[in-house]
Amino acid sequence: MKKLLLLSSALVVGGQAMAADMPIKAPPPPVPVAYSWTGCHAGGHVGAGWDRTTYSDPGTLLAGAPVQNFSPVDTAFSVKSGPRFLGGVQAGCDYQFDNRWVIGIGGDVSWTDLKSVGNTPFNDPFFAGKNVPFSSRTDYIATLTGRVGYSWDRFLVYGKGGAAYAHDKYDVGTVGINEAALSCFAFGAGCGSNGKIDRWGWTAGVGVEWAFAPNWSAMIEYDHYGFDARTVSMGVSSNPGFVVTPANLRVGHDIDAVKVGINYRFWSPAAPVVARY
């Protein structure tokens, strides 16, 4: 009996010693969770824009005026502006599917002072053939777009497209376009004209976005805005204050812009799940 007890004690002590010598297996590291672009965001941007404005004379005549145009009908010319500052805000929502693909919808508003000034080939016969100075100015641009992107974890490359809106103003110095200005020139006085218009068009662009923190991302984007030619009614004012029939001017407008911005994303990617032992 004593021999049996001694043998059992030896087995227990030996087992404990062997267990003490065995290495302890650590739990596996948590599995990293891929970043998700699903969610909504809002932020701001700054950048630069430049534009190209195309003018043409539609040849509108006053009732009863002689058939005489100061420039050939539909003669067109363009004025370009250099880069001008713009800044604004943006917001949108995205949905990621199939691990990599991202679709979304968003909008932005950019305030700017895009302005182009140039002389036109519409010669003014009442002022020794001097060309007429034209200028255009864009106050702000707004868009509503969809986008499709492909992600590599925290990097997203995307294209976007949709509707665009711009508020434009136009000024003409000494007016020599069509017969609408004839009545003030008949008195030997110069005329000025101005007009404004709300323009609807389209936009398309490409960009890259980088999620540099759980709730923050930075982006850089190029956009083109296209606004087809429209006839603008220009209010004409003469120096002596004569009443002048408004002139018509046909104007087309294209804008390009580069933006950099930052977004706050209203969610945090799911934390990795750690197994418990």
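## Close-up views of a predicted model

Searching the whole structure turns up 1 disulfide. Keep in mind as you go through these views that the model is predicted.

**View 1. The disulfide between C40 and C93.** The two cysteines that form this disulfide are C40 and C93, with sulfur atoms 2.0 Å apart. The pair ties together distant parts of the chain: C40 belongs to strand β1 (residues 39-56), C93 belongs to strand β3 (residues 84-97), and 53 residues separate them. Is the disulfide right-handed or left-handed? The torsion about the S-S bond of C40 and C93 is about 100 degrees, so it is right-handed. As for how covered the two cysteines are, C40 is partly exposed, at 31% relative accessible area. C93 also counts as partly exposed, with 33% relative accessibility.

**View 2. Strand β1 and its partners, β3 and β2.** Zoom out a little from the disulfide and you can follow β1 along its pairings. With β3, strand β1 pairs in the antiparallel sense, over 11 bridges. Look for A42, which stands opposite A91 in β3. How many bridges does β1 make with β2? There are 5, and this pairing is antiparallel too. Here the residue to find is T54, standing opposite S78 in β2. While you look at these strands, here is a handy rule: in a regular strand, side chains alternate between the two faces of the sheet.

**View 3. The loop after β3, with D98 and N99.** Now move on to the loop between β3 and β4 (101-123), where you'll find D98. N99 lies in that loop between β3 and β4 as well. What is worth noticing about their backbone angles? D98 has a positive phi, about 55 degrees, even though it is not a glycine. N99 is not a glycine either, and its phi is also positive, near 70 degrees. Are these residues buried or exposed? D98 counts as exposed, because its relative accessibility is 57% and the cut-off for exposed is over 50%. N99 is exposed as well, at 69% relative accessibility.

**View 4. The largest nonpolar core.** This core has 11 residues, including Y55, F77, F134, I197, M234 and L249. Which strands each supply at least two of its residues? They are β2 (76-80), β6 (155-172), β8 (216-238) and β9. Apart from this core lies another one, of 9 residues, and A166, Y225, F227 and A257 are among them.

**View 5. H167 and its neighbours.** H167 sits in strand β6. Is H167 buried or exposed? Its relative accessible area is 14%, so H167 is buried, the cut-off being under 20%. Its side chain makes a polar contact of 3.0 Å with the side chain of D139. Leaving aside residues up to four places away in sequence, H167 touches R137, T138, D139, Y140, K196, I197 and D198. Take K196 from that list: H167 and K196 are 29 residues apart in sequence, yet their C-alpha atoms are 7.5 Å apart in space.

**View 6. H224 and its polar contact with D256.** This histidine is in strand β8. Which residue's side chain does the side chain of H224 join in a polar contact of 2.8 Å? That partner is D256. If you skip residues up to four places away in sequence, H224 touches W202, T203, A204, D254, I255 and D256.

**View 7. G261, a buried glycine in β9.** You'll find G261 in strand β9 (residues 247-265). G261 counts as buried because its relative accessibility is 14%. Not counting residues up to four places away in sequence, it touches G44, H45, S217, A218 and M219. G261 and Q90 are 171 residues apart in sequence, but 9.0 Å apart in space, C-alpha to C-alpha.

**View 8. Stepping back to the whole chain.** To place the close-ups, here is the overall plan. The protein chain has 2 helices and 9 strands. Along the sequence they come in the order α-β-β-β-β-β-β-α-β-β-β. The chain has 277 residues, and 40% of them count as buried. Among contacts between residues at least 6 apart in sequence, 75% join residues at least 24 apart. On the outside, the chain exposes about 15100 Å², with carbon and sulfur atoms supplying 65% of that area.

Key
Residues are numbered from 1 along each chain as its sequence is written. This is a predicted model: local features need pLDDT of at least 70, side-chain atom pairs count only at pLDDT 80 or more; totals for chains, interfaces and linings use all residues. Side-chain values use heavy atoms; hydrogens and water are left out. Helices (H or I, at least four residues) and strands (E, at least two) are DSSP runs, numbered from the N terminus. Buried means under 20% relative accessible area, exposed over 50%, partly exposed in between (1.4 Å probe, protein chains only). Contact means heavy atoms within 4.5 Å. Accessible areas come from the Shrake-Rupley method with a 1.4 Å probe; for residues, only the protein chains shown count as cover. A disulfide is a pair of cysteine sulfur atoms within 2.5 Å. A nonpolar core is a set of buried Ala, Val, Leu, Ile, Met, Phe, Trp, Tyr and Cys residues joined through side-chain atoms within 4.5 Å. A polar contact is a pair of N or O atoms within 3.5 Å; within protein, one must be able to donate a hydrogen and the other to accept it, and residues adjacent in sequence count only if both atoms are side-chain atoms. Two strands pair if DSSP finds at least two bridges between them.
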